[in-house]
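Hello,

I am handing over the structure we talked about, and I hope you enjoy looking through it. My notes come right after it.

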Amino acid sequence: MRIGVLLSELAMGASATVIEVTDNGTNDVIARRLRDLGFVAGEPVRLVARGPLGADPLLVQIGYTRFALRRAEAARVTITVDSTP
Amino acid sequence: MTGAADTLQIALVGNPNCGKTALFNLLTGTRQKVANYAGVTIERKEGHYIAPSGRSVRVLDLPGAYSLAATSPDEAITRDVITGRYPGEAVPDLIVCVADATNLRLHLRFVLEIARLGRPMLLALNMMDAAKRRGIRIDTAALAQKLGMPVVETVAIKHGGAKALIEHIDAAPQVHPYPPSSEPAADLHAEVRAILAATVSIPRRTAAVDDAIDRVVLHPVLGLAILALVMFLIFQAVFSWATPLHDGIDAGINAAGEWLGASLPDGALRSLVVDGVFAGLGTVLAFLPQILILFLFILCLEESGYLPRAAFLLDRMMLAAGLTGRSFIPLLSSFACAIPGIMATRSIPDPRDRLTTILIAPLMTCSARLPVYALLIAAFIPQRTVAGIFNLQGIVLFTLYVAGIVSALLVAWVIKRIRKDKSEHALMMELPSYRMPHPRDILIGLYERGMIFVKRVGGIILALTVLLWFLSSFPGAPAGATDPAIDYSLAGMIGRMLHTVFAPLGFNWQICIALVPGLAAREVAVSSLATVYALAGNEDGLQAIVASQWSLATALSLLAWYVFAPMCISTLATVKRETGSVRNVVVLAGYLFGLAYLASFATYQIAKALS
């Protein structure tokens, strides 16, 4: 288990748990929306797919929903990577 | 109490793509557009129904939102209506929160956020059929008790699927407000988790079939190949499937015109009917099959949930060009017509991305341009099979569409380069579960699109065609004139005047005349050509005339012109309304005209030099 990794660094197909979303500057609308979408402490996430160019955007499964996040957006989310079974 | 005072005002609110509009259609018996992606509804929509008790209920369908902290123009409408800040709209008596039963983890958070407003509300758990199929079990009684509001189950896509909801709205007019309070975001999520743990059991996170399809469709190589294949198939189908139908309609209308013309006395009326109405309208109406086939594909793609996947695959490329993956759906809609495409940009949160998308949407080849392309391709490109399976005419059509797309990307890239604000753009886009397109919905959608086209033909296109006939018939030829009468008419004069501007593009004066009414509706260019040539005494069909009288260079030049086609007044009016800026309209019209002129000039001169 690795603690304090960024969601943008998660390996393909790997699962993790959200620690927190960090604001990029003051009044970060993107960070606020990420929290509204469910990226809050304790929430399990999984990297489902990556875009064809530069592995961007990332398709992240959170709860029962899949969100496409660009790398810069995913880099606001700090996670704990689950140990692979 | 009478009338309006006794009307119950309810508003449908919820996350994007949870089926609010399907529920709205079921309640009010209307046919608002539904599809399988976030952000179909971009305006508030209003409808009525009479409850079993005889009470009148006014229903508002609001755009989907993830949060009251709105990040896009459509989300702001929802926030303003339910908080009573929307001008001219009273606060609804009852908020009907709609949540997708298969996605409660996300949707309940918004329900709790709205509940904090302290307004009377109830929760409709929609898509209960899908939830049951996936083995999701929800204890609605316990959920209602935990949430402190009534909870009803609905299946918006099934006849009678809103019965429980209607009964509930009718039976419980006094709903007790949820106690208002304010809590930070994380606490709402914690509350959702606690409620779900106590009331819902879910066997697995996503539908297995979604995982399987996404593995193929979102594969970096395979996914792009599938996307290209799907797009290419559409253009092949538009040509190869529609041709027999097209020819049949064309022949039928011509026969009807000749039959009717034979029964009329020779003179102005006969000329108006045969040369004006039948030659003009018949030529346009024959393109109905092409337009329906194009829409059949677009509707199936919309319903299936594939479109957001395409947006995912293309996001990085579109970002490089100064756009966002979210631009994909508005731009694809623009292939039907730029107007709904431009309105669909309201679901793009970033104002810069939205403006760029609006400015390039008219470069997507709208269905009104299809008659022009189809006419010229059929006249000049031989019907031939390439590499065993591809239709050469289909390939040329595909190339014209690609030319529009490439120009759009270049224009977007230029806009990005000259823009000063280079701060971060966001994507954050939900990919929905796949859904099998419902044949009934597809048929309704096709019927409505077909009717829009037929009504255009019967309305504005008929009016313009008749007007053009008048301009082309009067004043008549002087005595002893040797040229066809149209040469002396008002239209003839206008055509010759414009001809001095457009001669370097290889346009003859007949084309110049046709460009003018084409400002109002692009298809009219085709009907106008048919009318002008019919009045000039040509007995053949338009396609045969064009094939024999125009040079290939002229035809290619006109095709290039229509890739940009700066002439559509309704599009310009929509851009004015959506952006509230005359400057944007001038920029749009100016750059389109400039590009069209340059492209046609280059095409004509090169084609002439080569031949």
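Below is what I found, with the focus on chain B.

This is a predicted model, so local features need pLDDT of at least 70 and side-chain atom pairs count only at pLDDT 80 or more, while totals for chains, interfaces and linings use all residues. Residues are numbered from 1 along each chain as its sequence is written, and chains are lettered from A and ligands numbered from 1 in the order in which they are written.

The predictor gives the complex an ipTM of 0.94 and a pTM of 0.82. Chain B has a mean pLDDT (the predictor's confidence in each residue, from 0 to 100) of 84, with 94% of its residues at 70 or more.

Now to the sheet. Chain B has an open sheet of 6 strands (E runs of at least two residues in DSSP, numbered from the N terminus) in the order 2-3-1-4-5-7, with mixed pairing. Strand 2 (45–50) and strand 7 (151–153) of chain B are at the edges, each with a single partner strand, so one side of each has no neighbour in the sheet. Pairing here requires at least two bridges found by DSSP. Strand 4 of chain B pairs with strand 5 (residues 121–126) of chain B in the parallel sense over 6 bridges, and Asp100(B) stands opposite Asn126(B) in strand 5 of chain B.

Cys97(B) touches, among others, Val13(B), Ile114(B) and Leu123(B), not counting residues up to four places away in sequence; contact means C-beta atoms, placed from the backbone, within 7 Å.

Best wishes

Key
Contact = placed C-beta atoms within 7 Å. Helix = DSSP H or I, 4+ residues; strand = E, 2+ residues; numbered from the N terminus.
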